[in-house]
Amino acid sequence: MVSEKMLNLGKKSSIIREIFEYGRKRKAEIGAENVFDFSLGNPSVPAPQKVTDVMNRLVAETPADVLHGYTSAPGDINVRTAIAKHISEKFGVKADSGNIYMTCGAAASLTITLNAIVEKGDNVIAFAPFFPEYRVFVEQSGAEFVPVSCKTEDLQIDFDAFEKAINKNTKAVIINSPNNPSGVIVPERDVKKLAEILENKQKEYNKEIFLISDEPYRELVFTDEKVAYIPAYYDNSFVCYSYSKALSLPGERIGYIFVSAAMKDSADVFAAVCGAGRALGYVCAPSLMQYTIAECLEDTADVSVYEKNRKILYDGLTDIGYTVIKPDGAFYMFVKSPDKNAIDFYERAKKFELLLVPSDDFGCPGFVRIAYCVDTALIERSLAAFKALYEDYKNE
Ligand code: PLP
């Protein structure tokens, strides 16, 4: 009657959504201030005032057929030109409007990119810990999803595991730095190593292997670690960008795909991206949001709040005794589970009203993820609950 695959996807929501829904119920029962909900990566900082001002001006001044009309399928030409200019100036890579395809956020950027490149029999690699929706997006495109484990001491790429996983059917590799769920940034030396391996594999298999950089957290960096701009290191690359986190606009659904100008047959690949956007029924990205972000390319929300939260939480948790992988960016933190099984740890944390996400679905068991994009005061209050939880283990 219906597609079994879609029925299963629709019925089985992600564990993050399940925890979020549990949190909603619990907050109604005992009051929102008493639940320490660290489940969801929903930005807690408002969009910059400039976004509101630009939107208000556009609404007041733009003719209705432009404001609410369709743009061309890859996006408004002036918006794409502005983004291409921004990319070339900021990262020193060649880019023009013909390399930019406007999308409804990073999720759409990823699904369109995957559908543009995947053919029967392909596989796509992602490094653990990974955003769980990658599996859904890759499998929906028709490819096999191949997770590669990480080094558990620092959550960085395990290159031995990677070289074992890559094979002649590998069409693409997804990299996500700063990372959701760990907040870790892949250092430049590892990006260079990855590019070198991929170049060699392309030669060995006599085919293109694409590198897809999923980077909604690019602007959320709290250390001196450089976030390498992937197209500057590897020609056959895509950037899947989003304004959901940097400008705190997740509900507005706006982002883009940058098809590297240096990519082999770049114009054909771009045409395939247009084809995939068409086949998936995106039509065009929201017009008002396209015009808005084009005027806010240098802006971000006040991400210093996340930096403050990160410090309070990291210092507080390590003082208590938890082992925490110190994040460089994004607004996530990975904490080692004191229990062998992170799902048991997550269940026990719930008794202390702490909502943490067990890491099993991120492809890296044994940890929980804390999304610290919440009120700083909630983080401060939560430390007593974290301490009580830790002592509950110690007193066993
Ligand atoms: N990729 C990663 C790593 C994410 O964390 C998210 C959202 O949380 C997305 C993609 C999807 O982002 P968007 O809201 O731009 O579709």
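An oxygen atom of the ligand lies 2.8 Å from an N or O atom in the side chain of Ser 244, a polar contact in the sense of a pair of N or O atoms within 3.5 Å. When the ligand is taken alone it exposes 400 Å², of which the protein buries 91%, with accessible areas obtained by the Shrake-Rupley method and a 1.4 Å probe. The model is predicted, with local features requiring pLDDT of at least 70 and side-chain atom pairs pLDDT 80 or more, whereas totals for chains, interfaces and linings use all residues. Residues are numbered from 1 along each chain as its sequence is written, and side-chain values use heavy atoms, leaving out hydrogens and water.

Further polar contacts involve Tyr 217, where an N or O atom of the side chain is 2.7 Å from a ligand oxygen atom, and Ala 107, where a polar backbone atom is 2.9 Å from an oxygen atom of the ligand. Around the ligand there are 14 residues, of which Asn 180, Asp 214, Tyr 217, Ser 242 and Arg 253 come nearest; a residue is counted here if one of its heavy atoms lies within 4 Å of the molecule. Helix H6, residues 105-117, gives the most to this shell, with three residues, helices being DSSP runs (H or I) of at least four residues, numbered from the N terminus.

The shell comprises six nonpolar, five polar and three charged residues, where Ala, Val, Leu, Ile, Met, Phe, Trp, Tyr, Cys and Pro count as nonpolar, Asp, Glu, Lys and Arg as charged, and the others, Gly among them, as polar.

Methods:
A polar contact is a pair of N or O atoms within 3.5 Å; within protein, one must be able to donate a hydrogen and the other to accept it, and residues adjacent in sequence count only if both atoms are side-chain atoms. Helices (H or I, at least four residues) and strands (E, at least two) are DSSP runs, numbered from the N terminus.
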